[in-house]
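This report goes through one model in plain terms. Look at the sequence and the structure first, then read on.

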Amino acid sequence: MKVLDVGCGIGGPLIEIARFSSTSITGLNNNDYHISRGKELIFSAGLSEQCCFLKGDFMDMPISDNTFDAAYAIQATCHAPDAQGVYSEVYRVLKPGQYFALDEWCLTDRFDPNNAKHLAIKAEIELGDGLPDIRTTRQCVQAMKDAGFEVVFAKDLAQVFPCPWYRVMDPTYFSWAHFQCTRPGRIVTRAIVNTLEFLRIAPAGSMGAYNVLMSASDGLLKGGREGIFTATFFVLGRKPLKEVDIVSLSRKLI
């Protein structure tokens, strides 16, 4: 199978999926550094002949129609300025009858646009994570349908997780694996980054970038605790085997 990873980053999931599925995966990304780093990683993993990277905008993919046997996006299309626009591009490059698996960041039904606290949390997440206006789960599903997909399955997987998805971002939760997120870890990391920037080992602005990332983490934690935001909304869409010509069908019925 030829598979498309939409907004692949440096290819972490791409490598894991390629290993266990033996598929040929193309990672689409518009960031030169991500692509160069990704190429190093797939070479180290021995997957250079199986996987590749393509530079391009997922709102206007440099890919022919009906190219891929499957596509997926993992926490990437939340950065798209228009959900229907990016989903429509995925729809276009998929072969008829094939599937698009989507893991999206969304606001849940518990989000209240008239609640000042909810709006402040939403703004903190958007600023810290570089997001446009965060969509609701309902808007996400509707955008998939408007793009032409049959929505086979849609669920907030946070509802069935054995532990909260945001736990590792909680400073009160201690874990050596996520030490940098704990209170002592934040103090140590802040001191190291500040020192490296002062000594000009780290570039100017590193401390500012660290503060933005911590703000993002705090916003995600608040949103998760309030139940107004999920990082694990999963949607499975299928491109119809045969696209219906609505106009022709209407004429026949008349």
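Lys 2 stands opposite Ser 24, a residue of strand S2. The model is predicted, so local features need pLDDT of at least 70 and side-chain atom pairs count only at pLDDT 80 or more, while totals for chains, interfaces and linings use all residues. Residues are numbered from 1 along each chain as its sequence is written, and side-chain values use heavy atoms, with hydrogens and water left out.

**Strand S1 and its partners**

Strand S1 covers residues 2-6, and four of its five residues are buried. Buried means under 20% relative accessible area, exposed over 50%, and partly exposed in between, with a 1.4 Å probe and protein chains only. Helices (H or I, at least four residues) and strands (E, at least two) are DSSP runs, numbered from the N terminus. S1 and strand S2 (residues 24-29) run parallel and are joined by five bridges. From S1 the chain passes through helix H1 (residues 12-21) to S2, a β-α-β crossover that is right-handed. Right-handed here means that, with the strands pointing away from the viewer, the path from the first strand over the helix to the second runs clockwise.

S1 also runs parallel to S4, with three bridges between them. There, Val 3 has Ala 70 of S4 as its bridge partner. Two strands pair if DSSP finds at least two bridges between them.

**Two loop residues with positive phi**

Both residues below are other than glycine.

| Residue | Phi | Loop between | Relative accessibility |
|---|---|---|---|
| Gln 75 | near 50 degrees | S4 (68-74) and H3 (83-93) | 32%, partly exposed |
| Arg 200 | near 65 degrees | H6 (183-198) and H7 (206-226) | 77%, exposed |

**The cavity**

How many cavities of 30 Å³ or more are there? The count comes to one. A cavity is a set of points on a 1 Å grid over the protein atoms alone where a 1.4 Å probe fits but cannot get out, and lining residues have an atom within 4 Å of a point. Grid points are joined across faces, edges and corners, and a volume is the space filled by probe spheres set on the points. The largest cavity holds about 50 Å³ of space. Its lining includes Cys 78, Trp 105 and Asp 133. The lining residues divide into six nonpolar, no polar and three charged; Ala, Val, Leu, Ile, Met, Phe, Trp, Tyr, Cys and Pro count as nonpolar, Asp, Glu, Lys and Arg as charged, and the others, Gly among them, as polar.

Conventions: On a 1 Å grid over the protein atoms alone, a cavity is a set of points where a 1.4 Å probe fits but cannot get out, and a pocket is an open set with protein on both sides within 12 Å along at least five of seven lines; lining residues have an atom within 4 Å of a point.
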